[in-house]
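This report describes a strand pairing, a group of aromatic rings and a polar side chain. The structure is shown first.

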Amino acid sequence: GISILSGAHNVLVPEIIDELAARGGADIPVFVGGIIPDKDIEPLVARGVRKIFLPGSSTRDIIAFIQEEIGQRQRA
């Protein structure tokens, strides 16, 4: 999970995804929270972000997403 409020998500998130892949972690689900403009959501998802949580997202929704991702990894 990456929380970004600086507006650097278009630079930092792809770098993190690339670095995970370079270290054998391409299968690690990446999710992002913070102030992400609508126009930036689709490019981030296309780049590999599994979920984006915008301000106001409930903790319950975030936990449910993490639990679902863990369950999928355990079943694989």
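The text below takes up the strands, then the aromatic rings, then one aspartate.

The model is predicted.

**Strands β2 and β3**

Strand β2 covers residues 30–34 and strand β3 covers residues 49–53; the two run parallel and are joined by 4 bridges. Within this pairing, valine 30 has valine 49 of β3 opposite it. Between the two strands the chain passes through helix α2, residues 38–47, and the resulting β-α-β crossover is right-handed.

**Aromatic rings**

The structure contains 3 aromatic pairs. A pair of this kind is described by two quantities, the distance between the ring centres and the angle between the ring planes. Two of the pairs are listed here with their values.

| Pair | Centre distance | Plane angle | Class |
|---|---|---|---|
| phenylalanine 31 and phenylalanine 65 | 5.4 Å | 70° | edge-to-face |
| phenylalanine 53 and phenylalanine 65 | 5.7 Å | 70° | edge-to-face |

The rings of phenylalanine 31 and phenylalanine 65 have their planes at 70°, so the pair is edge-to-face, the class used for angles over 60 degrees. This pair connects distant parts of the chain: phenylalanine 31 lies in strand β2 and phenylalanine 65 in helix α3 (residues 59–75), 34 residues apart. For phenylalanine 53 and phenylalanine 65 the planes are also at 70°, so this pair is edge-to-face. It too links distant parts of the chain, with phenylalanine 53 in strand β3 and phenylalanine 65 in helix α3, 12 residues apart.

Phe31, Phe53 and Phe65 form one aromatic cluster. Are the rings' residues buried or exposed? Phenylalanine 31 and phenylalanine 65 are both buried. For phenylalanine 65 the relative accessibility is 13%, so this residue counts as buried, the cut-off being under 20%. Phenylalanine 53 is buried as well, at a relative accessible area of 7%. Through these residues the cluster involves strand β2 and helix α3, together with strand β3.

**Aspartate 40**

Helix α2, the helix of the crossover, contains aspartate 40. Which residues does aspartate 40 touch, not counting those up to four places away in sequence? They are His9 and Asn10. With asparagine 10 there is a polar contact of 3.3 Å between the side chains. The relative accessibility of aspartate 40 is 7%, so this residue counts as buried.

Conventions:
Residues are numbered from 1 along each chain as its sequence is written. This is a predicted model: local features need pLDDT of at least 70, side-chain atom pairs count only at pLDDT 80 or more; totals for chains, interfaces and linings use all residues. Side-chain values use heavy atoms; hydrogens and water are left out. Two strands pair if DSSP finds at least two bridges between them. A crossover is right-handed if, with the strands pointing away from the viewer, the path from the first strand over the helix to the second runs clockwise. Rings of Phe, Tyr and Trp (its six-membered ring) pair if their centres lie within 6.5 Å; planes under 30 degrees apart count as stacked, over 60 as edge-to-face and the rest as tilted. Buried means under 20% relative accessible area, exposed over 50%, partly exposed in between (1.4 Å probe, protein chains only). A polar contact is a pair of N or O atoms within 3.5 Å; within protein, one must be able to donate a hydrogen and the other to accept it, and residues adjacent in sequence count only if both atoms are side-chain atoms. Contact means heavy atoms within 4.5 Å.
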